[in-house]
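Visitor: I'm new here and would like a quick tour. Could you take my questions one at a time?

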Amino acid sequence: MKRNVTAVALALLTLAASAKQGVDPEMDKFINDLMGRMTLKERIGQLNLGGVGTPKVVGSAKGLDKAVKEGLVSSIGGFDPVAAEDVQRFAEDSMRVFIPMITGLDVVHGYYTTFPIPLGSSSSWNLGLLEESARVAAREATAFGINWTFAPMVDISRDPRWGRVAEGAGEDPYLGSLVAQAMVRGYQGDDLSDGETIMACTKHLVLYGASEAGRDYNTVSMDDVTAYNYFLPTYKAAFDAGAGSGMTSFNVVNGVPTTGNRKVMTELLRDQWGFDGFIVSDANAIAEMIEHGVGGPQEVAEMAINAGTDMDMSASLYVACLEKSVAEGRVGEEVINTACRRVLEAKYKLGLLKNPWLYYKNKDKRKEIVLSPGNLDVARRLARESVVLLKNSDKVLPLKPVKKIAVVGPMGQERAELLGCWSYGMSADTMSTFVEALAREVGPDTEVVYSQGSNWTEQPAIYKQGGEHPSDSLLMQAVKDVADADLIIATVGEPAVWSGEAHNLTNPDLAEAQKKLLYAMKETGKPVVVALFSGRPLVIEDIDKDFSTILQAWHGGTMAAEALADILTGKEAPSGKLTSTWPRNVGQIPLYYNALRTGRPYSGFWATTKYIDSTNDPLYPFGYGLSYNEYKYDNLRADKLQAKGEGDRIRVTVDVTNLGSMPGKEIVQLYVNDPVAKISRPVMELKDFAKIELAPGETRQVSFDVTPDKLKYYDSELKYGWDAGEFNIFVGPDSRKVEKLAVKWDK
Ligand code: BGC
């Protein structure tokens, strides 16, 4: 039976329909009035995100125009800004009670101005610059009407096979939390309603980065202690920084798909963490619960809304099923009202309810805003700081003046591939290729030539790109082309599409065709610089053994080419450090630095028994990255070695000296270890760091305050606390090259 509007209004006043009433009385009043005018059907309509992935929604065969008119669409995907604006106008003209749409898009690492993929930019450890990048992204996106980004993705992952490692900040919960917060601050600013900021969406809730065997969407199976200590902190951090929304994940937690998992969506997020924004399902995830095998359409819709998933992205099951569920008593009307209120609160906070056209205020300035010199400068600086120098044992870098440089390898003349996964606004035409950027940077006295040398791969199982000529003939040509060059730069790795969603690899090695090219170049006897581009850590033990000069440039975005040229020529010394462990071989995966101690440690930090056919050591450890300068760490000391009580602190100081001849940046890292605890604790955990700048010859004292906060963990009862007793504090340039201080802390 349909209820009339007045009855609904009365019900609303009497039901506890608020997500968190009383925080902002003016907002409460506004939303009470609004909800009082909405039918149940319209309130359910606010829980429906339609149109993601469908460019021209209005008038489309999908019938979204009818749904919009009936008040059954709350928010839309902003893939096509013109269409999104049309929908908003159509909604204004046609809805009985007009409620503006939120326009959402995956603005993951920039919109037009594209920054390095998140795994790359996290290697900068530069929180200020990361925040600036999110700020730029927000300003560009809002000029096109977008006011909600499906970012940051804060999933911790220990598996380079998983294509979505590209989208996160690596394996560490401490660094990952700080990066998450920087991004949220950048997107949302101080005022979510100023028209140039966008609402962040913490994703994917939860544990999505731990899918078994690195296969996207696969099962996750994890004990609570691991979840609470290592995989959950980044989500909480993003919410603590004020992220206005969150997105469910495709995996199960304890066997229950997260989208329908009340323990996660309500008990953890809201009851424990106090999150009061709204949760959207991942795309079609409500319908996909049917495939998970937990019910039919009606059941999964009910499971999801009752779990606390407020908005249905693209499955349209809430609008199809929930009126019936309410009528038949399986979903309380107050559940709908609470979800609706959360969505409306977000719209209110975004300023949309007062001004539907707020996000079009800069429409006429789009050209000025996107790709502005200032924005490109942020992109160039971040791309530079993301580059990680992995090896430079012959001191080939920075490049010395030579007559002729030959660039080989499939990335050398690419533009779009430099953008990486999740790139929408940027048109690659205006970007430089690496060859172009390098030629500009080295100037007219050095000739730069290019010879492709190989395709990305010849393996038919994966995408064969740029394969007009087979790699063998490209290689023969390259050997001729490099004959009179003084130095070779090999631009190898992965095209953008080998990482990102649903793009996993069993073997993230360098493709055979590219390796052949590298070894042929080595045979020329000329110095070879291996410049790697990828969306993940690569498994390159052989390359590390056989080549002296290797750097990791990721997919660096709009200014990737310029930034790499800046680093190679020594305009800036490299300063990036890895935010995930690089294994020697696939069999070692998962390999991560903050592993638990075991009863039979293999040696030192890299716990557990040894393989017969491999060491346990990583190829490159977490936190690792070289510079053109050497930095000397000296005189590690503490103001005291004993502390007492929760309010105490130990100040740890180290002297860091730039022994090199260039100004440079160094990331000084502090780790702790609790040798005797209630449960087995990791061999070490990152708990602080500082990115400092040093002039040639300069020494700086770098100090960190260690407090009991840095010693806390969740025990097997999930109690959060710290143990009195001994602790080890380690300081160094990466997770392996550290000096130790033993301290004692009484309660
Ligand atoms: C992804 C999300 C993304 C959404 C919308 C999904 O398939 O898992 O990360 O935000 O699509 O594009």
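## Salt bridges, a helix and a sheet

Guide: Let's start with one residue in this predicted model. Arg649 has a relative accessible area of 30%, so Arg649 counts as partly exposed.

Visitor: Which residue meets the side chain of Arg649 in a salt bridge?

Guide: Arg649 sits in the loop between strand S18 (642–644) and S19, and its partner lies in strand S22, 56 residues apart. That partner is partly exposed, with a relative accessible area of 29%. The N to O distance is 3.7 Å, and the partner is Asp705.

Visitor: What is the order of the strands in the open sheet of 3 strands?

Guide: The pairing in this sheet is antiparallel. Strand S17 (631–638) and strand S22 (699–706) are the edge strands, each pairing on one side only. Put together, the order is S17-S19-S22.

Visitor: Over how many bridges do S17 and S19 pair?

Guide: Take Lys632 as an example: its bridge partner in S19 is Thr657. S19 covers residues 650–658, and its antiparallel pairing with S17 runs over 6 bridges.

Visitor: How far apart are the end C-alpha atoms of helix H17?

Guide: Helix H17 (residues 373–386) has 14 residues. At 1.5 Å a residue the expected span is 20 Å, which agrees with the model, as the end C-alpha atoms are apart by 20 Å.

Visitor: Why are Asp377 and Arg381 separated by about one helical turn?

Guide: They also form a salt bridge, with the closest N and O atoms 3.1 Å apart. Asp377 is partly exposed at 39% relative accessible area, and Arg381 is partly exposed at 28%. They are about one turn apart because their spacing in helix H17 is 4 residues.

Visitor: Is Arg380 buried or exposed?

Guide: Arg380, in helix H17, pairs with Asp566 in helix H22 (residues 560–569), 186 residues apart. The two side chains meet in a salt bridge at 2.8 Å, N to O. As for accessibility, both Asp566 and Arg380 are buried.

Visitor: Which residues do salt bridges with shared partners join into one network?

Guide: Arg380 and Asp566 already meet in a salt bridge, and both belong to the network. The whole structure has 52 salt bridges. Those that share partners here join Arg380, Arg384, Glu441, Asp566, Lys571 and Glu572.

Visitor: What pLDDT does the chain average?

Guide: Some stretches score low: over residues 1–19 the pLDDT is below 50, and over residues 52–61 the pLDDT is also below 50. Still, 93% of the residues score at least 70, and the chain average is 93.

Technical notes: Residues numbered from 1 in each chain as written. Predicted model: local features only at pLDDT ≥ 70, side-chain atom pairs only at ≥ 80, totals over all residues. Heavy atoms only, no water. Pairing = 2+ DSSP bridges. Helix = DSSP H or I, 4+ residues; strand = E, 2+ residues; numbered from the N terminus. Expected span 1.5 Å × (residues − 1). pLDDT = per-residue confidence, 0-100. Contact = heavy atoms within 4.5 Å. Salt bridge = Lys/Arg side-chain N within 4 Å of Asp/Glu carboxyl O. Buried < 20%, exposed > 50% of the residue type's maximum accessible area, 1.4 Å probe, protein only.
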